[in-house]
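User: Hey, can you walk me through this one? I'm new to reading structures.
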Amino acid sequence: MKAEILMTARNPRIEARLSQQFELHFLSDYAHRTECLAAVGQQISGIFYANAGGRIGESVFERCPRLEIVSVISAGVDFIDLVAASDRGIVVTNAGGVNAVDVAEFAIALLIGAGRDMSGGVYHARSGQWQERRIGLTRRISGRPLRIFGLGNIGLEIARRAEAFDMQVFYHNRRQRKDMPYTYAETLPDLARQVDFLIIAAP
């Protein structure tokens, strides 16, 4: 007999894999969460949480007495009551770092866009004003210092990409990372002084 899993959101690719080993239930098949838990809560041994369905805490745990694990598809576990889960012996997992490269690429794209005023240039060209007047020059981002607040999975991937632009990386973190070559700032105000660029990569 297959263990039963509750998915808080539909995802065909993941469903295809999980359905080979588990019986799946979907929150979206019910009018509201209370109805869902009343119908299947007693059988559920795992919850696949995809940033939908509200907070997972004591009220859910009470309705799912067989629950052993809550697996979160993203890095954040903000909507999971970790203390209540731990008290009941429920394991909580997340996908820390799984999207770090993707987010870092967007951060670098935004950095280039802001530093070179890409949106202003595009607007200027599309408006046709380039025929009457020129816009001002912008400065290159290469070789300029970059400050990063939060050198976790995402911040580290941003720093690695900034190195390709010959940017000296400074950072502030909850604690200094001895395993990284970047310059540590003791406080956030220290980090923000004489800023060329500051990227926030923190919860």
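User: Why is there no bond from the sulfur of C64 to the closest cysteine sulfur?
Analyst: The closest cysteine sulfur sits in C36, and at 8.0 Å that is too far for a bond. A disulfide needs a pair of cysteine sulfur atoms within 2.5 Å.
User: How many disulfides turn up in the whole structure?
Analyst: Zero, after a search of the whole structure. C36 is in no disulfide either, with the sulfur of C64 as its nearest cysteine sulfur at 8.0 Å.
User: Is C64 buried or exposed?
Analyst: C64 is buried, at 1% relative accessibility. C36 is buried too, with 0%. Buried means under 20% relative accessible area, exposed is over 50%, and partly exposed is in between (1.4 Å probe, protein chains only).
User: Quick check, what kind of model is this?
Analyst: This is a predicted model: local features need pLDDT of at least 70, side-chain atom pairs count only at pLDDT 80 or more, and totals for chains, interfaces and linings use all residues. Residues are numbered from 1 along each chain as its sequence is written, and side-chain values use heavy atoms, leaving out hydrogens and water.
User: New topic: where is V195 found?
Analyst: V195 is in the loop between α8 (188–192) and β9 (197–200). Helices (H or I, at least four residues) and strands (E, at least two) are DSSP runs, numbered from the N terminus.
User: And why does V195 count as partly exposed?
Analyst: Because its relative accessibility is 34%.
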